[in-house]
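Trainee: Got a minute to go through this one with me? I'd like to start with a helix and then look at the rings.

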Amino acid sequence: KRMGPFYSRVVMADFEIGSHRFVEGGGGITADVLTELWRSTVQAYFGEAIPEDDPYMHSWARIPHIYNTPFYVYQYATCFASAASLIKQMKADPAATERYIELLKSGGNDYPMNQLRKAGIDLTDPQILQAVVDEFRGMVDLLEAEYSLLQAGQSKRS
């Protein structure tokens with residue numbers, strides 16, 4: 001559940017930029033065009049895991065952020081990446097907790113990117129996403145361990 005917002009918002013943001021590029025290139029937007037763009041974006045991220053006839057293949061039509069607040073969904077992903085990185089830093093360095101508290105105290109007194117830098121998060125550095133990758137890897141490792149235990153328990157019963 002924790003990875004879903006990050007991953008799905010990245011898919012949505014990719015769809016958004018693709019649709020804007022399509023229009024900027026002279027293309028006309030129709031429901032069929034958006035459905036095809038969404039389908040190809042979803043397949044790029046999920047492969048064949050989501051069937052062509054799955055209702056998710058029409059999800060572009062139900063996401064109000066895409067229409068009401070263009071390019072808003074990417075903020076979910078950057079916030080998730082920032083939070084994951086902050087948590088990772090706070091586990092490793094007590095000073096990171098103080099930087100985080102200062103971030104909270106600062107309110108809106110500066111541009112968000114500047115505020116995050118002061119807290120130890122530089123969203124221009126691709127490595128900031130490593131915290132998300134590490135968290136996801138940890139979740140997959142946990143899932144694999146639980147599955148192994150389940151399999152071991154079932155083989156004992158056989």
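**Helix H2 and its surroundings**

Mentor: Sure, and keep in mind that this is a predicted model. In H2, the buried residues are Leu34, Thr35, Trp38, Arg39, Thr41, Val42 and Gln43.

Trainee: How far apart are the end C-alpha atoms of H2, and what should the helix span?

Mentor: The ends sit 22 Å apart. That agrees with expectation, because 16 residues (31-46) at 1.5 Å a residue should span 22 Å.

Trainee: What comes just after H2?

Mentor: Glycine 47, which takes a positive phi of about 65°.

Trainee: Okay, rings. How many aromatic pairs are there?

Mentor: The count is 3. One of them is phenylalanine 15 with tryptophan 38, edge-to-face, at 5.1 Å centre to centre and 80° between the planes. That pair links helix H1 (residues 3-24), home of phenylalanine 15, to tryptophan 38 in helix H2, 23 residues apart.

Trainee: And what about tryptophan 38 with tyrosine 56?

Mentor: Those two form a tilted pair, 5.8 Å centre to centre with 55° between the planes. Tyrosine 56 is in the loop between H2 and helix H3 (64-68), 18 residues from tryptophan 38. Ring pairs tie Phe15, Trp38, Phe46 and Tyr56 into a cluster.

Trainee: Why does tryptophan 38 count as buried?

Mentor: Because its relative accessibility is 0%, and the cut-off is under 20%.

Trainee: Switching topic: where is serine 85, and is it buried or exposed?

Mentor: Serine 85 is in helix H4 (residues 74-92). It's buried, with a relative accessible area of 7%.

Trainee: What does serine 85 contact, leaving aside neighbours within four places in sequence?

Mentor: Ile121, Ile128 and Ala131.

Definitions and conventions. Residues numbered from 1 in each chain as written. Predicted model: local features only at pLDDT ≥ 70, side-chain atom pairs only at ≥ 80, totals over all residues. Heavy atoms only, no water. Helix = DSSP H or I, 4+ residues; strand = E, 2+ residues; numbered from the N terminus. Buried < 20%, exposed > 50% of the residue type's maximum accessible area, 1.4 Å probe, protein only. Contact = heavy atoms within 4.5 Å. Expected span 1.5 Å × (residues − 1). Phe/Tyr/Trp six-rings, centres within 6.5 Å; stacked < 30°, edge-to-face > 60°.
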